[in-house]
Amino acid sequence: ALQWNPPTPDKQNGVIVSYTINVMTDDQVQRMVVQSNATQQTISNLIPYTTYTFSISASTRIGQGPSLPYVVTTSETTPTGPPLNISHTTPNPGTLILTWSPPDPSYRNGVVRGYLVVISELETSPTLYFNTSTPPLSIPSLHPFYTYNCSVSTYTVGLPGPYSPPY
């Protein structure tokens with residue numbers, strides 16, 4: 001909940017009848033009017049790891065007063081989108097080099113700290129797991145001419161996000 005103190009009595013210019021809250025990001029502005037003299041409001045549907053500027057101004061029956069900005073960045077959380085553009089090269093029959101791009105910025109929900117890669121061999125079913133901070137990932141000692149499925153997930157803080165479709 002967003003909480004604030006009312007203006008001091010000498011700056012109120014009358015009885016406060018409402019507060020106006022502006023919630024701003026780089027690309028949008030949302031305005032809320034609290035139709036009472038309450039000094040708190042729950043702001044919902046905030047996007048993770050986004051910087052918001054809140055400004056609050058009091059209104060009396062005469063008009064709206066000045067506001068001061070308050071800047072806050074919401075917490076990081078698990079990514080909601082998978083890595084993109086997964087591709088591979090095979091420099092020799094037993095080595096696979098995977099490359100990919102981070103998830104779309106609107107789905108990262110924080111600073112990318114690493115990637116989890118899962119590789120499944122379809123012929124004999126063993127699964128290999130890798131943790132890496134950046135692409136590309138070189139995987140040696142694979143069985144030449146076998147078929148593998150590869151999926152990649154991103155993590156910021158906490159749990160990894162969704163895996164890419166098998167590649």
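Me: In what order do the four strands of the open sheet stand in this predicted model?
Reply: In this predicted model, four strands make up an open sheet whose pairing is antiparallel. Strand 3 (29–34) and strand 6 (68–73) stand at its edges with a single partner strand each, so one side of each is left without a neighbour in the sheet. Read across the sheet, the order of the strands is 3-2-5-6.

Me: By how many degrees are neighbouring strands of this sheet turned against each other on average?
Reply: The sheet in question is the open one with strands in the order 3-2-5-6. With direction ignored, the average turn between its neighbouring strands is 20°.

Me: Over how many bridges do strand 5 and strand 6 pair, and which residue stands opposite T51?
Reply: Strand 5, which covers residues 51–59, pairs with strand 6 in the antiparallel sense, and the pairing runs over six bridges. Within strand 6, the residue that stands opposite T51 is T73.

Me: How are the rings of W4 and Y19 arranged, and why does their pair tie together separate parts of the chain?
Reply: Among the three aromatic pairs of the structure, W4 and Y19 form one with 65° between the planes and 5.2 Å from centre to centre, which is an edge-to-face arrangement. W4 lies in the loop between strand 1 (2–3) and strand 2 (18–24), whereas Y19 lies in strand 2 itself, so the pair joins parts whose separation in sequence is 15 residues.

Me: Is W4 buried or exposed?
Reply: The relative accessibility of W4 is 12%, and the cut-off for a buried residue is under 20% relative accessible area. Its ring partner Y19 has a relative accessible area of 2% and is likewise buried. W4 therefore counts as buried.

Me: Which strands hold W100 and Y115, the partners of an edge-to-face pair?
Reply: The rings of W100 and Y115 are 5.3 Å apart, centre to centre, with 65° between the planes. W100 is buried at 6% relative accessibility, and Y115 is buried with a relative accessible area of 4%. The pair links distant parts of the chain, 15 residues apart, with W100 in strand 8 (residues 95–101) and Y115 in strand 9 (residues 114–121).

Me: Which residue offers the backbone oxygen that the side chain of S151 reaches?
Reply: S151 has its place in strand 12 (residues 148–155) and is buried, with a relative accessible area of 13%. Beyond four places away in sequence, S151 touches residues including L116, V117, V118 and Y163. At 3.3 Å, the side chain of S151 reaches the backbone oxygen of S164.

How values were computed
Residues numbered from 1 in each chain as written. Predicted model: local features only at pLDDT ≥ 70, side-chain atom pairs only at ≥ 80, totals over all residues. Heavy atoms only, no water. Phe/Tyr/Trp six-rings, centres within 6.5 Å; stacked < 30°, edge-to-face > 60°. Helix = DSSP H or I, 4+ residues; strand = E, 2+ residues; numbered from the N terminus. Buried < 20%, exposed > 50% of the residue type's maximum accessible area, 1.4 Å probe, protein only. Pairing = 2+ DSSP bridges. Axes fitted to C-alpha atoms, helices over the stretch in contact; angles between N-to-C directions. Polar contact = N/O pair within 3.5 Å; in protein donor to acceptor, adjacent residues only side chain to side chain. Contact = heavy atoms within 4.5 Å.
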